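Subject: Structure for you to look at

Hi there,

Here is the structure I promised to pass on. Have a look at it first, and then read on for what turned up.

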Amino acid sequence: MSERPTYCLITYGCQMNDADSESVAGSLAARGWLRTDREDDADLILVNACVVRRSAEQRALGRVWQLAPLKRRRPDLVIGILGCLAQKDGQSLLEKLPHVDFVVGTRDLPQIGSLVEQIRETRQRIVAIGSIDQPLAFEASPLRDDLLRAMVTIMYGCNNDCSYCIVPRTRGRELSRPAEELAAEVAGLARGGWREVTLLGQNVNSYNDGRHDFPDLLRLIAQGNGIERIRYITSHPKDHSDRLIEAVATTPQLCENFHLPAQAGSNRVLERMNRGYTRDDYLRLIERIRRALPDAAITTDLMVGFPGETDADFEETLDLARAVRWDSAFMFMYSPRDGTPAAQWPNDVPPAVKKERLQRLIQLQEAISAEVNGALVGRGQEVLVEGPSRRSDRMLMGRTRGDKVVILDGPPEWIGRTVEVVITRAAAHTLFGASRTGFQPVQKQNPHPTSMHEVEVPGSEGKIACQPVQPQQDAHATIGER
Ligand code: SF4
């Protein structure tokens, strides 16, 4: 075994959790820890767990229970639960999971290195969930898994009160990081060879550091720092301004890619969800985006089976899908979360009805996605090549500016580069393309085309060491909106 201590980090949930795990990994690396993907070898196992839906929480807890025999065999092993699950359940996790040594909440994550050292020294169990409204200051830069596309957290928490959502309880009130600090971080990423950043927040539209709002931040970040593509997630439809649409329309680095969780198509349900917009507000927003950017990719989150949702309400969700024609959607069945207003209402849509509604919605949206993607056949797309395709290492995989996966034939030298592709075939979730320019990659704004990362990018397959295989919905889960 290595002389340096080793840790294994298991992450469940949204991109915010992925980003938190990268920050935790950076803090541990700064203190000399080595990462391993083998639990059997690890001195420390961390489970960063999601609670946004009951099934996600149960899956994470099941994983923690599976670690109990390992702890019995190796009592020196330290096991910790991090993130939203820790914040929500705190001390009670230690009571029901005797093999767990510590829990650390969302805003206490920067303490992780010192807490682990303390536990290894004293063998005392620790609960650290006290700082729900404090700013986060990690002692080191994140240790990023993806060397091409970086996640950058721009704000923490959420000030909204959607009646079904546990996130404000687990992540606290909104806190925006200073714009200049974020611009410097992105500039550093561009110098390090990263090509794309995704700016993360529960509701990025309400970003405000006191001097800059979200469109200001986007323009500042895009100003001459060499990053090629900028995305952001998640936008709340009620806070989406025309200034933001204009910023996307006029700033080359900003991808024409809008993720706008609609959640439901019925005004009655939207009101009970406390979403702050009506179906017509949502449709008008889509119209404004499409007027400015006719080819923008627009995606959403939809929920079925919310308390009180009638057949007629559900038909309105189907109808909204037909009216908007989203490029794709994350679709879920409602599950009550303790501590939310909706959890106190009768969960009155029977499971079989929820399931049937979800199937009908998925069926409709899949057909729409296939048609929307089909319309791209024969058209050119700018594709950032991420790595070998998952299905065949003779093919490459990349993404369009609209965040659509494209499989294409090309040499490994294209990995990490942007190429012009003509779409030759389309399915609901994947496009297939051929290079328009032969072996000539597109050279855009990025002034660092010969970064060492170009031939070593792991692509989307190279996720966090020891990360469990997750169902499709969670693997692509967005931040908070369900
Ligand atoms: Fe905030 Fe999104 Fe949760 Fe609403 S659903 S409270 S906007 S995180």
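Before the residues themselves, one cut-off: a residue is called buried when its relative accessible area is under 20%. Please also keep in mind that this is a predicted model.

With that cut-off, Tyr-277 counts as buried because its relative accessibility is 7%. Tyr-282, at 1% relative accessibility, counts as buried too.

Aromatic pairs

Searching the whole structure gives 6 aromatic pairs. One of them joins Tyr-277 and Tyr-282, in a tilted arrangement with 6.1 Å from centre to centre and 40 degrees between the planes. Another aromatic pair, Phe-306 with Tyr-334, is edge-to-face: the centres are 5.3 Å apart and the planes make an angle of 75 degrees. Phe-306 sits in the loop between β13 (297-304) and α13 (311-324), while Tyr-334 sits in the loop between β14 (328-333) and α14 (351-374), so this pair ties together parts that are 28 residues apart in sequence. Phe-306 and Tyr-334 are both buried.

The ring pairs go on from there: Tyr-164, Phe-306, Tyr-334 and Trp-345 are linked into a cluster. Trp-345 also has Arg-272 over its face, 4.7 Å from the ring centre. Elsewhere, Arg-425 lies over the face of Phe-432, and here the distance to the ring centre is 4.0 Å.

Helix α13

You may like α13 as well. This helix has 14 residues, and the distance from its first C-alpha to its last is 20 Å, close to the 20 Å expected at 1.5 Å a residue. Its buried residues are Asp-313, Phe-314, Thr-317, Leu-318, Leu-320, Ala-321 and Val-324.

Why do the buried residues of α13 line one face of the helix? Seen down the axis of α13, they fall within an arc of 155 degrees, so they line one face. As a general reminder, an α-helix has 3.6 residues a turn, so residues three or four places apart point the same way.

What do the buried residues of α13 pack against? Their partners are α11 (267-273), α12 (279-292), β13 and α14. On the face of α13 turned away from the buried side you will find the exposed residues Asp-311 and Ala-312. After α13 comes Arg-325, which has a positive phi, near 55 degrees.

I hope you enjoy looking through it, and do write back with any questions.

Best wishes

Technical notes:
Residues numbered from 1 in each chain as written. Predicted model: local features only at pLDDT ≥ 70, side-chain atom pairs only at ≥ 80, totals over all residues. Heavy atoms only, no water. Phe/Tyr/Trp six-rings, centres within 6.5 Å; stacked < 30°, edge-to-face > 60°. Buried < 20%, exposed > 50% of the residue type's maximum accessible area, 1.4 Å probe, protein only. Helix = DSSP H or I, 4+ residues; strand = E, 2+ residues; numbered from the N terminus. Lys NZ or Arg CZ within 6 Å of the ring centre and 35° of its normal. Expected span 1.5 Å × (residues − 1). Arc of directions from axis to C-beta. Contact = heavy atoms within 4.5 Å.
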